[in-house]
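Open the model in your viewer and keep the selection panel at hand. The tour goes stop by stop.

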Amino acid sequence: MPPKPRTAKPRPRKGGAPVTPSGGTDRKLVYGIAAAGIVALAAVLGWLALSGGGSGTSAADARAALEAADCTLRAVEAQPGVHSITSPAGTSKAWNTNPPTSGAHYEIPAVWGSYKEPLNPAQVVHNLEHGGIFIQYGSRVPEATVAQLESFYNEHRNGTLLAPLPQPGDEIVLGAWTTVAADKPEDGTAYVARCRAFDRAAFDAFFSAFQFKGPERFPASTMLPGRT
């Protein structure tokens with residue numbers, strides 16, 4: 001008589017569960033790890049989307065990029081954000097940078113966008129409180145450079161103001177107001193960068209490090225040109 005067919009049995013593995021010929025146990029483990037990884041990745045991506053950042057560019061990275069472009073970066077302790085200025089054209093003696101980047105401001109921010117005339121600083125400070133950034137330039141900045149700034153603005157329209165400075169000069173000034181965390185609005189730093197030329201790497205680093213990190217973190221998707 002021909003021999004009876006033999007059924008394959010699970011082969012034990014040292015220190016572990018038996019492994020079937022199909023690799024069922026290992027496969028379940030791999031699937032479980034993969035599923036956990038997908039959940040963790042989704043959580044991280046969701047947090048980044050809500051925070052509006054996540055590039056990993058630090059203040060030190062931004063400073064290095066700016067200094068490599070022959071720009072300067074000044075960091076100061078942010079002043080408390082209060083609606084104590086009663087008119088758009090008002091000012092505050094407590095402002096500690098020029099242009100101002102934190103502290104007292106007017107209750108209505110400027111409309112996000114690109115301008116041909118100077119903005120009211122008391123309104124711009126409010127925009128920065130929401131996590132925005134300003135780019136302002138002196139009257140002696142060449143037209144070719146202004147065109148470069150407009151091109152850069154068009155790539156960073158959400159949460160950005162581009163306008164001439166209210167005083168003459170040949171500098172480009174970037175400003176931002178940041179806090180260490182969204183739930184710690186009182187623990188903030190204001191930044192002012194000054195450049196005499198446009199440098200994409202330096203500007204990208206400033207935006208990556210400081211935009212959408214203000215004491216009042218409005219979603220980037222709501223900070224659209226034409227809106228406040």
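Is Val-180 buried or exposed? Val-180 is exposed, because its relative accessible area is 59%. Exposed means over 50% relative accessible area, buried under 20%, and partly exposed in between, with a 1.4 Å probe and protein chains only.

Before moving on, note that this is a predicted model: local features need pLDDT of at least 70, side-chain atom pairs count only at pLDDT 80 or more, and totals for chains, interfaces and linings use all residues. Residues are numbered from 1 along each chain as its sequence is written, and side-chain values use heavy atoms, with hydrogens and water left out.

**Stop 1: the loop**

Stay on Val-180. It sits in the loop between strand S5 (172–179) and strand S6 (188–195). Helices (H or I, at least four residues) and strands (E, at least two) are DSSP runs, numbered from the N terminus. Now add Asp-187 and Arg-217: Val-180 touches both, not counting residues up to four places away in sequence. Contact means heavy atoms within 4.5 Å. Select Gly-214 too. Its C-alpha atom is 8.9 Å from that of Val-180, with the two positions 34 residues apart along the chain.

**Stop 2: strand S5**

Select 172–179. Eight of the eight residues of S5 are buried. Ile-172, Leu-174, Ala-176 and Thr-178 point one way, while Val-173, Gly-175, Trp-177 and Thr-179 point the other way. In a regular strand the side chains alternate between the two faces of the sheet.

Add the partners. S5 pairs antiparallel with strand S3 (residues 133–137) over five bridges and antiparallel with S6 over eight bridges. Strands pair if DSSP finds at least two bridges between them. Centre on Ala-176: its bridge partner in S3 is Ile-133, and Tyr-191 stands opposite in S6.

**Stop 3: helices H2 and H5**

Select helix H2 (residues 59–68) and helix H5 (residues 200–210). Their axes, lines fitted to C-alpha atoms over the stretch in contact, are 8 Å apart at an angle of about 165°. H2 and H5 are therefore roughly antiparallel, the class for angles over 145 degrees. Show Ala-62 and Leu-66 of H2 with Ala-205 and Phe-206 of H5, which are among the contact residues. The contact has 10 nonpolar, no polar and no charged residues.

**Stop 4: helices H4 and H5**

Keep H5 and add helix H4 (residues 143–155); the two axes come within 12 Å and cross at roughly 40°. The contact is made by Leu-149, Phe-152 and Glu-155 of H4 and Arg-200, Phe-203, Asp-204 and Phe-207 of H5.

Note on methods: Axes fitted to C-alpha atoms, helices over the stretch in contact; angles between N-to-C directions. Parallel < 35°, antiparallel > 145°, perpendicular 65-115°, else oblique. Nonpolar A, V, L, I, M, F, W, Y, C, P; charged D, E, K, R; others polar.
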